[in-house]
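Got the viewer open? Let's walk through this model one selection at a time.

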Amino acid sequence: MLDAARMRLCPKCKSPTLAPFGAIRGGGDPDAIPPSRCEHCKGVWLPHEAIEAHLPPDASDSAISADPRADALPGFCPRCRGLLARARVESDHPFHLGRCPVCRGVWFDAGEWAAVASTEWLLHLDDLWDPVWRKRVRDHRAENRHLETVQHALGADAYAKVMAAIEALREHPNRSLGLSFIIEELRGP
Ligand SMILES: [Zn+2]
Ligand SMILES: [Zn+2]
């Protein structure tokens, strides 16, 4: 019988060039694919157990720069052969990871594993495919950007004082009176 798992086809190169690296997990699953690297394109496959263990990339992965052409290419799970679901990773140079919807293994094109390690996503990679979580991160980023813009415009000193005034009023029983007072004081010719 043709055993696709043993052949370890690279999701992107479509050739049997996916070789295990590091400690190989035994486990009871004969179809399990350990963490593997493609000898041709240098992309990395991590099974879901490695994702959950937050396996960090080593120096050899940091040395490789990402290839945008590989990033655009659809990939297939080396174990289940299903199409990998893409998720965009926001950074200075955004890229996509592919996750198998069945076994939840993740494919990183060359350089992407190290790139993810420099973002907050390495610790909860699964959330990249969770629309609710993604929205929460987007909202949080937008709020931070907004505060940075205000801080930049006011300067650090004035910004700190304004924030202190806001904190003083936030839970105050006469919060609206305080707000009105500030507006009155600042309104004028
Ligand atoms: Zn490859
Ligand atoms: Zn799979």
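Keep in mind as you click around that this is a predicted model. Start with the contacts: counting those in the chain between residues at least 6 apart in sequence, 53% join residues at least 24 apart.

**The whole chain**

Show everything as a cartoon. You should find eight helices and six strands. Going from the N terminus, the order is α-β-β-β-α-α-α-β-β-β-α-α-α-α. The chain is more spread out than a compact globule, because its radius of gyration is 24 Å, well over the 16 Å that the globule rule gives for 189 residues. Line the view up with the principal axes and the C-alpha atoms fill a box of roughly 85 × 30 × 25 Å. Colour by burial next: buried residues make up 25% of the 189 in the chain.

**The sheet**

Now select the strands. They make an open sheet of six, in the order 1-2-3-6-5-4, and the pairing is antiparallel. Which strands sit at the edges? Those are strand 1 (18–20) and strand 4, each of which pairs on one side only. Look along the sheet and you can see the twist: neighbouring strands are turned by 30° against each other on average, direction ignored.

Start from the strand 4 edge. Strand 4 covers residues 85–89 and pairs with strand 5 in the antiparallel sense, over five bridges. Click Ala 87, and you'll find Leu 97 of strand 5 standing opposite. The connection between strand 4 and strand 5 is a hairpin of five residues.

Move on to strand 5, residues 95–99. This one is mostly covered, with four of its five residues buried. Pick out Phe 95, which lies in strand 5. Is Phe 95 buried or exposed? It has 22 C-beta neighbours inside 10 Å, so Phe 95 counts as buried. The cut-off for that is 20 or more.

Strand 5 also pairs with strand 6 (residues 106–108), again in the antiparallel sense, over two bridges. Select Arg 99 to see its bridge partner in strand 6, Val 106. Six residues lie between strand 5 and strand 6 in their hairpin. While you're in that turn, check Arg 104, which has a positive phi of about 60°.

Keep going across the sheet to strand 3, residues 44–46. Strand 3 and strand 6 pair over three bridges, antiparallel. Show side chains for Trp 45 and you'll see that it stands opposite Trp 107 in strand 6.

**The core**

Those two tryptophans are a good way into the largest nonpolar core, which has 26 residues. Trp 45, Leu 97, Val 106, Trp 107 and Phe 108 touch the most other members. Which elements give two or more residues to this core? They are strand 3, strand 5, strand 6 and helix 5 (112–117). Helix 5 supplies the largest share, four residues.

Centre on Trp 107 for a moment. Ignoring neighbours within four places in sequence, Trp 107 is in contact with Pro 11, Gly 43, Trp 45, Gly 75, Leu 84, Leu 97 and Gly 98.

**A loop on the way**

Next, find Ser 65, in the loop between helix 3 (59–62) and helix 4 (68–72). Ser 65 has 10 other C-beta atoms within 10 Å, so it is exposed. Draw a distance from Ser 65 to Ala 115: the two are 50 residues apart along the chain, yet their C-alpha atoms are separated by 8.9 Å.

**The two helices to finish on**

Select residues 131–154, which are helix 6. How many of the 24 residues in helix 6 are buried? The count is zero, and helix 6 is hardly covered. Its end C-alpha atoms are 35 Å apart, which agrees with the 34 Å that 24 residues should span at 1.5 Å a residue.

Step past the end of helix 6 to Gly 155, where phi is positive, near 90°. Then select helix 7, residues 156–170. From first C-alpha to last, the 15 residues of helix 7 reach 21 Å, close to the 21 Å expected at 1.5 Å a residue. The number of buried residues in helix 7 is zero, so this helix lies largely in the open.

For a last distance, go back to Phe 95 and draw a line to Tyr 159. The pair is 64 residues apart in sequence, and 35 Å apart in space, C-alpha to C-alpha.

Notes:
Residues numbered from 1 in each chain as written. Chains lettered and ligands numbered in written order. Predicted model: local features only at pLDDT ≥ 70, side-chain atom pairs only at ≥ 80, totals over all residues. Rg over C-alpha atoms; globule rule 2.2 N^0.38 Å. Buried ≥ 20, exposed ≤ 12 C-beta atoms within 10 Å, placed from the backbone. Contact = placed C-beta atoms within 7 Å. Pairing = 2+ DSSP bridges. Axes fitted to C-alpha atoms, helices over the stretch in contact; angles between N-to-C directions. Expected span 1.5 Å × (residues − 1). Core = buried A, V, L, I, M, F, W, Y, C linked by C-beta atoms within 7 Å.
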